[in-house]
Amino acid sequence: MNKGGLVGEVVKRTGQTRADVARVVDAAIDTIRETVAKGERVALVGFGTFEKRKRGQRTARNPRKPEVTITVPARVVPSFNPGQAFKEAVAEKKRRTTKKSTAKRARR
């Protein structure tokens with residue numbers, strides 16, 4: 001699902017106009033982006049936490065030339081940590097879809 005699909009689903013669930021929902025989704029995303037860029041955390045209970053994290057300097061190897069090492073500089077990256085309810089919802093969905101039928105299939 002992309003942003004348009006999300007807007008469409010929220011329109012169905014709320015009965016609001018597509019334009020209003022699109023403005024709210026855009027405003028929410030912009031607010032999260034700006035807040036995390038300032039270094040603050042955004043915690044949505046049951047969904048997850050967005051934050052800014054520092055990634056340290058490390059060495060990596062070129063897969064085509066394994067003998068060549070490359071130094072990857074330290075940098076700051078955005079991070080998302082899913083909440084417990086989100087993790088459980090995803091795990092429950094996964095469990096339901098991976099169950100296999102115990103009945104034997106007839107040969108043709």
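**A tour from the pocket to the rings**

Let's start with the lining of the largest pocket: sorted by class, its residues are 9 nonpolar, 3 charged and no polar. You're looking at a predicted model, by the way. To see this lining, select M1, L6, E9, V10, R13, A28, I29, I32, R33, L44, F47 and F50. The pocket they surround has a volume of about 390 Å³. Now colour helices α1 (3–14) and α2 (18–37): each of them supplies at least two residues of that lining.

Keep F47 selected and move on to the rings. There are 5 aromatic pairs in the structure. In one of them, the ring centres of F47 and F86 are 5.1 Å apart with planes at 15 degrees, so this pair is stacked. F47 sits in the loop between β1 (42–44) and β2 (48–55), while F86 belongs to helix α3 (residues 84–98), so the pair ties together parts 39 residues apart in sequence.

Next, add F80. How does it pair with F86? The F80 and F86 rings meet edge-to-face, 6.3 Å centre to centre with 65 degrees between the planes. Add F50 too, and you have one aromatic cluster of F47, F50, F80 and F86.

Turn on the surface. F47 is partly exposed at 36% relative accessibility, F80 is partly exposed at 33%, and F86 is partly exposed at 29%.

Last stop: select R61, in strand β3 (residues 58–61). Is R61 buried or exposed? With a relative accessible area of 54%, R61 is exposed, because the cut-off for that is over 50%. Zoom in on its side chain, which reaches the backbone oxygen of P66 at 3.0 Å.

Notes: Residues numbered from 1 in each chain as written. Predicted model: local features only at pLDDT ≥ 70, side-chain atom pairs only at ≥ 80, totals over all residues. Heavy atoms only, no water. Helix = DSSP H or I, 4+ residues; strand = E, 2+ residues; numbered from the N terminus. Buried < 20%, exposed > 50% of the residue type's maximum accessible area, 1.4 Å probe, protein only. Polar contact = N/O pair within 3.5 Å; in protein donor to acceptor, adjacent residues only side chain to side chain. 1 Å grid on protein atoms, 1.4 Å probe; cavity = no way out; pocket = protein on both sides within 12 Å on 5 of 7 lines; lining within 4 Å. Points joined across faces, edges and corners; volume = space filled by probe spheres on them. Nonpolar A, V, L, I, M, F, W, Y, C, P; charged D, E, K, R; others polar. Phe/Tyr/Trp six-rings, centres within 6.5 Å; stacked < 30°, edge-to-face > 60°.
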